[in-house]
Amino acid sequence: MAFETQRRRAQASSGCRRSTVRRTAIGTACSLALVLTALRFMSASAEPANETTSEVVNMPSTTRANDFYVGNRAPLLPSPLIKLPAGSVRPEGWLRHQLDLMAQGFSGRLIDISQWCRFEGSAWADAKGNGEFGWEELPYWLKGFTSLAYALHDERLIAEAQRWLEPIIASQDADGYFGPRVNREAPDLWPNMIALYALRTHYEATADERVISLMTKYFRWQAALPIERFLPGSWQQWRGGDNLDSIYWLYNRTGESWLLDLARVNHERTADWTGGIPTWHGVNVCQGFREPGEYYQQSGDRRYLQATQRNYDTIMREYGQVPGGMFGADENCRPGYTGPRQAAETCSMAELMHSSEMLARITGDPLWADRCEEVAFNSLPASQTPDYKGLHYLTAPNMVQLDRENKSPGLQNAGCMLAYDPTSYRCCQHNIAFAWPYFAEHLWMATPSNGLAAVLYAPSEVTAKAGPGAEVRIAETTDYPFGETVEFRLATNRPAQFPLLLRVPGWCERPRVEINGEPLEVLAHPSCWIAIERTWRDGDVLRLTLPMTVRVRVWEQNNNAVSVSRGPLTYSLRIGERWARYGDSDEWPAYEVFPTTPWNYGLIVDMQNPARSFEVIEKPGPLPGQPFDVEAAPVQLSAKARRIPEWRMDGGLVGELQMSPAKTSEAVESVTLVPMGCGRLRIAAFPTVSDGPDAHEWVAAPEPPLASHCWPNDTVRALNDGIVPKRSSDQSIPRMTWWDHKGTTEWVAYRFDAPRELSWSEVYWFDDTGVGECRVPARWRLLWKNGEAWEAVNNASDYGVQLDEFNRVTFEPVVTTDVKLEVELQPGFSGGIQEWRLGRS
C-alpha cells in the first residue's frame, strides 16, 4: 500500500482539544457540554501506566494535519476526516458477503449480460475513443466495479477493471481530452466525471502516476474551454459537483493553483444549488444538493454549507416524510405524490449514500454518517434480490406487490418498474455497483493529528498508519446494525499514541466504552464523537456498546402514520412472498413477487410509552451471511394490530394512507415486524387503529377499470384519470391501448361499489396514424350488467369514431354496477382510449 504524504497545516478550527471544554458549530443535535475524563490503565505485562484521555466532540479537531494521508491542502479548509486509500479497509462478515454476492451476481458479471459493457465495439474500450457505446453506462459500472475489486482484493476483478482502464488512459489526446469522441463536440463532460472516479480508485490502490498525468492534462483542457462550452448542458450542470470533487482531489495531490481557478468556474457554471433546488429529478437531487457544501471548502463561507443542509431539509420536508432515509422521486419529485408508496430509484440510493459519505468527510458531522447508514440498511437491500442477480428500478417504504404491470400514473414512468430483472433497468443496473463498495471504503477514515475514526459500523479490518507512523491494524467484529456491540482489536508493530474516534449515532442515548475490559467513563450523547487518545499497544481491545431501544416516529405530514425503529434499523410488516419467475434465462432469471399473507394492518401503539407495544425477538446463533432476507431476519419485533378491510390495492400499488387512527372493529392479531431491508414486500409506514370515537373512517379506493388486454407500457387507469388529451395522437399523457392485439374484439369495463344510473357515455379514441399502428375502431357498442347477464343498451344514438374529440352516445337510462365498452378493431390495426366518461342526463 502506497501511503501519500501531505505537508502540515495549522488553521484554527473548533473541535477536539485536550484541555479545553468547547462546543462546535457542526452537529446541531449535540447540546451537552464536552466532557474530559482521564483514566489510567496498567498493562498485563506491568508496563508503566498508560494515560488514556477521552473527549466528547462534535467534530474532529483540524488544528494539526495528517502526515500520511491526503486531506485538503491550503487554502482549502482543513479536512476533519480524510478518506483512506482504496483497499485500506477489508470488509468482513455480512458486509463481505454482500460484496462477494455482488462479484458473483450481475454487478460482477455485467460484461456478460449488458450490451453497454461489451468490450468489443465499446467507445470506452478503444484507445482512440471510437465505438458504439460511449455514454454513462460503462463508467457507471466501472466506478463501482473498480472499487469492488480492490475492496475484495480479488485478482480476477482487478484484472477486468484494468482491462477497461488501460484503453481509457490511452485514449487521451494531445490537448488533454480523453474518452469517447462522441462526447467531445458539445462537449458532454458528464460521462468523464464518472470515469474519473474509477481512475481515482485505481490510483489510490496502485499509485499509478499516469492517473495524475491524465487528470492534470484533462483539467488543463477543461480550463481552456470557452466559458459557454464548459458544462454547457443541463444534465452536466446539475451534476457539476462530481467534476468539482475530482478537481479538489487532484489539487490536494499536486497543489497547482490554477486548479482552484477551474474549481471556481466549475461552481459558477454548475446549476444554482446554492440558491435553491434547480431540478427535482431524483438522481440529480441526490448528487447535486451537496455541491455548495463542496465549494464551502474553497470559499470558507459557511452559508454554502448551510445551503447544502437547506437543500436536504427541503427535499425531506416535501417528499421524504417516510421511513428508510429516501424520498419519493419515481423519476421526479411530483407535487401530491408524497406518501410511502412513492418510490426512489436504485440509482438515487447509491448517490445519496455517496453524498452523505462526502459530506461526513467535508464537515466531520456524524449526522451525515447516520443518513448514509439509514439508506444502506433500510432502503438499499430491498432494491435487489438477496442473491444480487436482479434489481428493480424503484423501491418504496410501502410496497406489497412487485409485478411487471404498468403503475402509471401512480408511478411516473410507464411499463415495468417493480419486478426484479438483471438487465431491464438501464441506468440502475450499472450505477448500483458502487453503493456497497463505497460504503465499505468509508467505514474508516483518517483524522488530523494522525488518528483514525470509525465512521460507519460494520465488520471489517482496516490497515493504516497512525501516530508517529506505526502500522496499525484494527479488526472490527460486530453484528451491527442488528447487534449493539462493536469490538475493536488492535494490532501494531510498535506502541503508538494517536486519537481513535468513535461515532455515536443520533439515535443512541447512552453509549458505553471499555478498554481491555475496564470501563471508560464517558458522558457521551447522540450525534457526537468519542475521541480516545492513548498509547495503543498490540492486543488492545476496545469495546463500544450502542444500546438499542424501540422508537416510534409519527409522520404528521402523512396522515399521522407511524414507523417503528430499533437502533439504525426501521421495521416493516413481515409479508409472505411468492416469487414467480419470468423470462427464459436460467442463469439470470427475472422475478415478480406476490403477497401470500394479509398486509392491510394498522398497529396498536401506546403512544405514551411506545416501546411497551413491541417485543424484541433475537434469533439465536451466528448472524447469517445474508441477513437482509425475510427468512433470515436476525431480529424481529412482535406487535399487536388489526386489519383495515377498506385498505386495498389501488392502481396496482398499495392504497394510499388515510388519517390515523383508522377505525376498525376487526379482531386484534399478533403480527411480526422484520427489518425493512429484509422484506422485499413491506409496510414500513403504518396507520394506527382504534375502535374509539377518535377513529377515522377509512374510505375504500375505487376499483380500477378492467380490460380484456392492456399493453404493459400503458394503463387502464388512464381511462378515468381526468386528463383530457390535446388530440387523439397525444402521447404526452397516459393512455390505454390494446396493443399489440390487431383486428380483434376487445373491451374495457367499469365496476362500481354501488348501483348507478347512466344515460350517456363519451369516448376519446387514441389514434397514432403516421407513427404507429393504433386506429379508431371499426365499430363499438355499450353493454350493461342486468343481474348476471350482459345486455346492450337500448335506443343508443350513433357510436362515433371521430378523431380529436369526445364521441358521445346517449341511450335509455339503466341502473347497474357494471358497464362495458366493446370494440371491434380494424383489420391489421390495434386501438386505444385516451379517456372514457359516463353519466346521466
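This passage describes the two largest pockets of a predicted model. Residues are numbered from 1 along each chain as its sequence is written. In this predicted model, local features need pLDDT of at least 70 and side-chain atom pairs count only at pLDDT 80 or more, while totals for chains, interfaces and linings use all residues; side-chain values use heavy atoms, with hydrogens and water left out.

Rolling a probe the size of a water molecule over the atoms shows where empty space is left. A pocket here is an open set of points on a 1 Å grid over the protein atoms alone, where a 1.4 Å probe fits, with protein on both sides within 12 Å along at least five of seven lines; lining residues have an atom within 4 Å of a point. Volume is the space filled by probe spheres set on the points, which are joined across faces, edges and corners.

The largest pocket has a volume of about 740 Å³. Its lining holds 28 residues, and L367, D370, E374, R551 and R553 are the closest to its centre. Two or more lining residues come from each of α12 (302-319), α14 (366-378), β18 (550-555), β19 (561-566) and β20 (569-573), these being DSSP runs numbered from the N terminus (helices: H or I, at least four residues; strands: E, at least two). The largest share, 5 residues, belongs to α14.

The second largest pocket encloses about 510 Å³. Of its 26 lining residues, P702, E703, P705, R717 and N720 lie nearest the centre. Both β34 (745-766) and β38 (832-839) give two or more residues to this lining, and β34 supplies the largest share, 6 residues.
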